[in-house]
Amino acid sequence: MSSLPRRVKCVAKAPTSEELPSFLNSSSESEEEEEEWEPKNKIARRPRLPRKTEAKTKKAAAPRSTVARKMVKKVAIKEEIDVSLPIAPVEDNKMQLLKPKEENAGTKPKSLNRTPEVPKKMEVNSFQGRNQSLVSDEKPSTSVPVVKQEKCEEEFAFDEPPSKKIKLNACPEGKPVKNLGGKKIKEEFEMNWDIVQALSEITNVEPWVCTNLIWLFQEENTIPFIARYRKELINNLEADALREVQHALEELRTVAKKTHTMIQKLKKEGKLSSSLLKGLLNCRTLEELDHVSAPYKTGSKGTKAQRAKQLGLEPAALSLLQNPVELNLFSYIRPNTKGLANIQEVEAGVQHILADIFAKDKDTLDFIRKLCQQRYISIQSTLAKVSAKNGNEKDIDKFQLYHEFSCNIKNIQHHQILAINRGENLKILTVKVNIPDGVKNEFCWWCVNERWRPKQFLKPDFMRLLRSSVEDAYKRLIYPLLCREFRSKLTSDAEKESVMMFGRNLRQLLLTSPVRGRALMGVDPGYKHGCKLAIISPTSQILHTDVVYLHSGQGFREAEKIKRLLLQYNCSTVVIGNGTACRETEAYFADLIMKKYFAPLDVVYCIVSEAGASIYSVSPEASKEMPDLDPNLRSAVSIARRVQDPLAELVKIEPKHIGVGMYQHDVSQTLLKATLDSVVEECVSFVGVDINICSEILLRHIAGLNTNRAKNIIEWREKNGPFINREQLKEVKGLGPKTFQQCAGFIRFNQEYIKTFCSNKKNELGSRALLTKAGALGKKKSKLTSCALQQPNPLDQTCIHPESYNIAMRFLSLIGGNANDIGKSDMQQKVNVVIQKEGLEGTAKRLNTTVHTLQLIIDGLTQPEGYDIRTDFDKPDFKRSIVCFEDLSVGAVLTGKVENATPFGVFVDIGVGKAGLIPVRNITEAKLSKVKKRRSLGLGPGERVEVKVLNVDIPRLRITLDLIRVL
């Protein structure tokens, strides 16, 4: 969370065939025909590195051929590698990851285009049986292919199995280079494009960062781990940017995999030609792949051009372009053959073949695409004729803005595209892309007079046929292709932005500051079945549950019960769900508070979203957590806990049910789930969990853990007592070195509790030793003694990773500090003295580490005990009174809380039962808080704002607001 703001532009995601919108499923024949691109440099395949297991004694070096044969069994496809990530040898034969060279203080940073210095005469070791053990006490815990210098004092042992144990007491040092010596990542499936370059173009991330990320993801590193502990390798990218790169990488690999599957299928069927192979290997998206391969799928009738070729008209078509003088179309007439019966049918067949050639030519398609970029291309939507007659009026009115809508495709907003697509899917709107006739005219002239100009003089009939072929190619093949490409690009961009917006809103909601140290009353409002109440203690224990009927004429009698409960449990905070009867329940409590009915308690209330509460209340997790409680009462408990600890409660609910998205049901559900799950993992990891008190549900969202591993940790804790330090995690079943590396930095230990536990255990063992003779409790004694030997480590309460403990202890020695003083003011003063004297870079160089790692160590040592990053975020907005919709007037200044953020504006709850909208044009940088760290120019759920009412539309229940400032 402490990484610098760094964003990459949104990327068009290639949706799967099931998820394509209706406009991509047109019956146009052009779906079966696509262009062919010239191949770029071929991409090399990326190896799968051997997975590390428990440490074993090293075997003698095997002959190269033997190791190579073993590797072939493990890896499905034979792979070679040039280099994955350069590593330069440093002192004592320790290896360093290379990154962009940092400048000395006072010098300007190097340009991105300059080639950084690399070790001289680097020799690359292939992957064929040549993996090395790179284990070092102060180096990265991941295994990487090796680049070594020829003039190295000690030679490494090649042809040995890699070290089985991953050591985690180090941090990545050195500087990753931007130019990897011209070497390419080798992928499992080769294509005619370079995966690093393609990834860089799609995500707008530097190629050297893309190379590092491909390697990091290949090594199964999680996004939270990379974002916090590998900053120097990723140029300080944030988690959002890492997710975009990961999704783009998965899309490219999916395309490559499906392409090779299609190639094998066509090869088996005998349909694969050299031109088709080239066209397939050029595909970068699933749409392109589907377009190129559609005519060759089983059951396809084939295109008009293919049918004409089967009649033997291809030589005639080629002759018209190359040698028209000798061409005689009458010689192709076959009176008894359909398609060749007369001269008109022969000319039609030749025209179809020529149109197919034109529509698949790379230069021709490049020209028309470039031409479209220079012209005004618009997307238009109109009310469908069928829906105008028979449609539901309510549904039709929802799309009133788009009944006569037209906009340049360069200026159209993401939410407008999603709205148009939804209207089209509901058959309410008719949508089309409008390309001006001038584009067609210029394109046809260019084709006839330049690109496809015949090499010899053409007879008037042949010239007419050529022009007809060009027009046919444009109208029947190229124009529909362009329309699909434009709409596919617009839709995928809009879906990507919608998913990213949902992720940002979800993060903001999950990181809402918890309200600790007070009892809370949760209220799930209702009419007929009453309002469900639940009072929880400051430690989230359920103290009391009840049902009250506030809206059936018994409000005064029920007020006595509520007052008695609030006084009995000393509860002065009421949390009301925002569902059915919310406004009436809020008015009820506001009236009692205004009358000081609950005196001597100073009661306040807040409104909280109850989205997903009812789904959770009937889930297996809720039944396991609250087995004796009625499902209706469970929702009241969930509502109260959402204020006390939002993160711990909201992770129990599937993210898409939390209700802070935009058109989330219209986008790719696979991408949505992956993104939201990743955001939850990021939030839980960055906040951290206390391993000895956290729930299994919360634990499973920590980076590197899953349901089974979380369950094993809880079982180990119940069987052996609390964890003393992070090293004990290695004793848990299923937690190997890689899992430990990913999760260790996000797990916390309450040092006070651990010290008390260890002290009591020591006293217990001491008394047993006095009462027991030697050997009487042999096995049991040795087990207890080994448990007692575990010592708490003060660094375990910080965000410092175990791989950096060695550096952290050297830094403590440098500043003259003690590990027991972590988080105290003395520690901050000692750190400041050293940093002011030597500077951050100088200190990092002295400790032989990176600036990013040192900054993380300083943060861990100086943050107060129990530090929570959520304290920087907003708390719920507590109120004592209510404002009605009718009370609003233009110009009124109010405070409210952001409910949801969309690309067109922000919805704010101002306490009148209907959220007001701040249009995006009214949200400027000058009005945003300068104190808070912002990921982007915008507001997120939970933020408190001061707004001014600009317009109140009572019939349509719409409120337009202006942002004054962020509170």
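Two strands are said to pair if DSSP finds at least two bridges between them. That idea helps in reading this predicted model, where one sheet shows the pairing well.

Start with two neighbours: strand 9, covering residues 531–536, runs antiparallel to strand 10, and six bridges link the pair. Within this pairing, Ile 535 sits opposite His 544 of strand 10. Helix 17, made of residues 555–568, packs on the sheet here and touches strand 8 (520–524), strand 9 and strand 10. The direction of helix 17 makes about 175° with that of strand 10.

Now for the whole sheet. It is an open one of five strands, in the order 10-9-8-11-12, and its pairing is mixed. Strand 10 (542–548) and strand 12 (604–608) are the edge strands, each pairing on one side only. On average, and ignoring direction, neighbouring strands in this sheet are turned by 20° against each other.

Stepping back to the protein as a whole, the secondary structure adds up to 31 helices and 19 strands. The protein has 967 residues, and 53% of them count as buried. What share of the contacts between residues at least 6 apart in sequence join residues at least 24 apart? For this protein, the share is 75%. As for the outside, the accessible surface comes to about 46,100 Å², with 51% of that belonging to carbon and sulfur atoms.

Key. Residues are numbered from 1 along each chain as its sequence is written. This is a predicted model: local features need pLDDT of at least 70, side-chain atom pairs count only at pLDDT 80 or more; totals for chains, interfaces and linings use all residues. Side-chain values use heavy atoms; hydrogens and water are left out. Helices (H or I, at least four residues) and strands (E, at least two) are DSSP runs, numbered from the N terminus. Buried means under 20% relative accessible area, exposed over 50%, partly exposed in between (1.4 Å probe, protein chains only). Contact means heavy atoms within 4.5 Å. Accessible areas come from the Shrake-Rupley method with a 1.4 Å probe; for residues, only the protein chains shown count as cover. Axes are lines fitted to C-alpha atoms, for helices over the stretch in contact, and angles run from 0 to 180 degrees between N-to-C directions.
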